[in-house]
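Please find below my comments on the structure, set out as numbered points. They concern one loop residue and two sheets.

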Amino acid sequence: MWRSAIWFVAIFGCDICVSFYGFPLITDPKMIWDILGNNSAAFRQEQSQEHEMRVYPGEECDRKCSVDEPPRICHYQWVLENYSAMGSACWDCIRGNRSHCFHPQCVTANGMERGIVSINRKMPGPSIFVCQGDTIVVDVSNEMEGMSATIHWHGFRQTRSPWMDGVPMVTQCPIEADTTFRYRFEAEEAGTHWYHSHSGYHMANGHLGAAVVRTPLDVNAALYDFDLSEHVMLISDWTLDSVERWVPGQQSSQMTVDSILINGRGWYVKEEAGIKANHAPLTVFRVQRNYRYRFRLISGGSQYCPFQLQIENHRMLVISTDGGAVKPLSVDTLISISGERYDFVIDADQPEGTYWIRVRGVGFCNLFPKEGFALLSYADPSVATEELMFPNHAPPEYNNPYPMGQTLNDHRAMCYNSEDEMTCAADLETHEAHRDDELVAAVPDVRLFLGFKMMHPDNEWLFSGRYKPFITVREDFNTIAVANNISFIYPSFPLLSQPDLIINEDELFCNNTHLPAGCDKLHLCFCTHRIKVNLNDVVELTLYDTAYKPQDFYHPFHIHGYRLIITDMGRLPESAINSRLKYLQERNVTRRPDSHNPPFKDTVSIPNEGFVITRFRANNPGFWFVHCHLEWHLGSGMGLVLQVGEVDQMLKAPAEFPRCADFKPSLHGKH
């Protein structure tokens, strides 16, 4: 092993050696760690195999994948910074000088100046494109003074490297300012994935990007001619101010979405005030007539608005969700919510020209109409893309929507009903090697019920006693997020990588049958919510909404480390609204047809006053986060830790993995 390492250093220099070892770094990116102390046979075998793998700059891993090509180590180097959209790097772009909008390091966003957090001075951050089996290595250097960070790799189950999941105080210590951390993991799962910060509200301020794993064995490959990197469509919401303005918030303003961005580009329009800042360039997706193109949609919203996507004069053939292939479904409208991904094929069979891509916020955002735009262009290749980014014709008015037509993932849909034009995500059918009959038909070993809502606490109680986390929506309307009436509090050390600090589980953890002093099932509790299951259990997890009243709103829930099959989904009958848990516990029927092959998802939206029933095999031991994927809801407590298996059944983090915890020496000065 060491001889091979010396050979690498002799040829490629120390930089390659750092990539080759692929462990987290604390402060010195040139540090070589001693891996011989790891006693895992599987780990040693993996390292032996990697001596035959070559290290490539990450950009060179974006390629057509082949079953005959050996896997690569794909090395990326990222710098996290506090930065500015429409700042100095954009010169006079904000004043209408179009050529200045394309200066190096210019981030235009919605055309308005605003403080952001960036990765390599980009927003979204650099895209990752690799082949299944490659090893992804990302050096994250945090240069945000006074701010810590982590990166979560959404869609990667991390079965061989759970300590790389990127959740602060669950799987790792936060990356402190002026230090570098090396993420390293295998791209096991093919599909459209993404990455985003899991620290504070950085995702909403700019820390997010695409992470695509291609496979030469795609079962839907015959349905498209091209799978181009430039056809990733990352949708995000955007505010005129950094989102910390609402954390906890100001009574004088209301939480709102100001713009919708497609690949970090959009316009700021406020028609009621006569404001229309359309001087920023839009994203352009280029196609040639008579070819079929695979698009990869990533829903990267942080607020409460699902995104409704329509493409002028084009239908979308959906072939994948959350990285898993599904039987093709042709739709006119595709609705997604934060964390979800949908791949679809567009047949470029229309007359040559430019077509509007429209994304509007729906659901709760119907109260504050917002729409974002991009362009699908058949233009001759000789026409520069930068020229196409400034369309010479106006987009459709908001009050002139396209017909909804066949619609996927509308939360008002009646699932398993083929007679209407609305299709639930649960109606999609897995299109993989086989139907997992054992999982579908099994009697679950454990049934878990997770009810969640935003509580509106009495302000006299909120601002007395202990300091309680909250969000101000407007005026005196303050909210706290809960799951099973527990608002999640992070532990003071990462559970997965420092399990030796778990001394007294009863004091450290809580759940709805074990609550801290002063709490009971009828009162809100603040604690580290943990649910524990045995390794290899078949788990049935029912997620349900316990909101006080019906509203045009629903929550996206994401599970780390797993993907789930959806076995049932719908809205609760009116007779069950006042006894939701009892109804779901006693319910022993499913509306899903017996022949239906349920889809795999890692992020699923829960209908208002509704439920989703999911299943998974608990075969990935570790501490895994389960949470609402809306930033404000997670930030105010809507999450929990799922512990799978005992600590001694979990993979151990490398011996040199960074450590952190409380520092509380004796009051008397004795250590």
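1. P621 lies in the loop that connects strand 36 (610-617) with strand 37 (622-628). The model is predicted, and the remarks on this residue should be read accordingly. Is P621 buried or exposed? With a relative accessible area of 15%, P621 is buried, because the cut-off for that class is under 20%.

2. The surroundings of P621 can be listed by residue. Apart from neighbours within four places in sequence, P621 is in contact with L535, Y562, V644, Q649 and M650. By contrast, S605 stands 16 residues from P621 along the chain, and their C-alpha atoms are separated by 25 Å.

3. One open sheet consists of 6 strands in the order 11-10-15-20-17-18, with mixed pairing. Its edges are strand 11 (259-262) and strand 18 (324-331), each of which pairs on one side only. On average, neighbouring strands of this sheet are turned by 25° against each other, direction ignored.

4. At one edge of that sheet, strand 17 (residues 316-321) and strand 18 run antiparallel and are joined by 5 bridges. Which residue of strand 18 is the bridge partner of L317? That partner is S330.

5. Another open sheet, also of mixed pairing, is built from 7 strands in the order 14-22-21-16-19-23-24. Strand 14 (284-286) and strand 24 (422-423) are the edge strands, each pairing on one side only.

6. Strand 14 pairs with strand 22 (residues 371-377) in the parallel sense, over 3 bridges. Within this pairing, F285 has L376 of strand 22 as its bridge partner.

Notes: Residues are numbered from 1 along each chain as its sequence is written. This is a predicted model: local features need pLDDT of at least 70, side-chain atom pairs count only at pLDDT 80 or more; totals for chains, interfaces and linings use all residues. Side-chain values use heavy atoms; hydrogens and water are left out. Two strands pair if DSSP finds at least two bridges between them. Helices (H or I, at least four residues) and strands (E, at least two) are DSSP runs, numbered from the N terminus. Axes are lines fitted to C-alpha atoms, for helices over the stretch in contact, and angles run from 0 to 180 degrees between N-to-C directions. Buried means under 20% relative accessible area, exposed over 50%, partly exposed in between (1.4 Å probe, protein chains only). Contact means heavy atoms within 4.5 Å.
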